[in-house]
Amino acid sequence: MKDYIIYTDGAYKPSLNSGGIGIVFLCNGKEVYKYSKKYTNSTNQRMETQAVITALNSIVKPINSLTIITDSMYVVGTAIMNWKRKANLDLWEKFDKALAKAQKLIKVPIQFKHVKGHNGDIYNEKCDKLASNACYEI
């Protein structure tokens, strides 16, 4: 059975009114896929949340385990530390649905972990670059 680690990141460039998400997928410790997408009319926190939603929605077949790693304490705190949901309620509703759907395909509870951004973690840095570059896509 496969074990996945998915790194996620979001970015927003106010001067462009453009945001982006970056996701790196690891299967059994090896990088297997990268994904990015541009969004408009957003915020950094919405992009961080959207990246995790997209990652969760990517789980479509049974797997052994999933760990989501993000540099967003906003996402980690709201997802697993019972932080009050005051904003982006539309995305948190999508998050809850994606989490429930993904969890049905995974043998153990999904883990969420925080990594400090811009601190040398290779996959976090890749996600950051993917998300930032997506902001400039046409």
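With which side chain does the side chain of Asn 88 make a polar contact of 3.2 Å? The partner is the side chain of Arg 46. This is a predicted model. The points below cover the surroundings of Asn 88 and the packing of helix 1 (residues 44-57) with helix 3 (residues 89-103).

**Asn 88**
- Asn 88 sits in the loop between helix 2 (73-80) and helix 3.
- With a relative accessible area of 14%, Asn 88 is buried, because buried means under 20%.
- Besides the contact with Arg 46 at 3.2 Å, the side chain of Asn 88 has a polar contact of 2.9 Å with the side chain of Tyr 74.
- Leaving aside residues up to four places away in sequence, Asn 88 touches Gln 45, Arg 46 and Tyr 74.

**Helix 1 and helix 3: geometry**
- The axes of helix 1 and helix 3 are 9 Å apart, and the two helices pack at an angle of about 25°.
- Helix 1 is therefore roughly parallel to helix 3, as angles under 35 degrees count as such.
- The crossing of helix 1 past helix 3 is left-handed.

**Helix 1 and helix 3: contact residues**
- Helix 1 contributes Arg 46, Thr 49, Gln 50, Val 52, Ile 53, Leu 56 and Asn 57 to the contact.
- Helix 3 contributes Asp 90, Leu 91, Trp 92, Lys 94, Phe 95, Ala 98, Leu 99 and Ala 102.
- By class, the residues of this contact are nine nonpolar, three polar and three charged.
- Arg 46 is one of the helix 1 residues in the contact with helix 3, and its side chain also makes the polar contact with Asn 88.

How values were computed. Residues numbered from 1 in each chain as written. Predicted model: local features only at pLDDT ≥ 70, side-chain atom pairs only at ≥ 80, totals over all residues. Heavy atoms only, no water. Axes fitted to C-alpha atoms, helices over the stretch in contact; angles between N-to-C directions. Helix = DSSP H or I, 4+ residues; strand = E, 2+ residues; numbered from the N terminus. Parallel < 35°, antiparallel > 145°, perpendicular 65-115°, else oblique. Left-handed = near helix turned anticlockwise from the far one by under 90°. Contact = heavy atoms within 4.5 Å. Nonpolar A, V, L, I, M, F, W, Y, C, P; charged D, E, K, R; others polar. Buried < 20%, exposed > 50% of the residue type's maximum accessible area, 1.4 Å probe, protein only. Polar contact = N/O pair within 3.5 Å; in protein donor to acceptor, adjacent residues only side chain to side chain.
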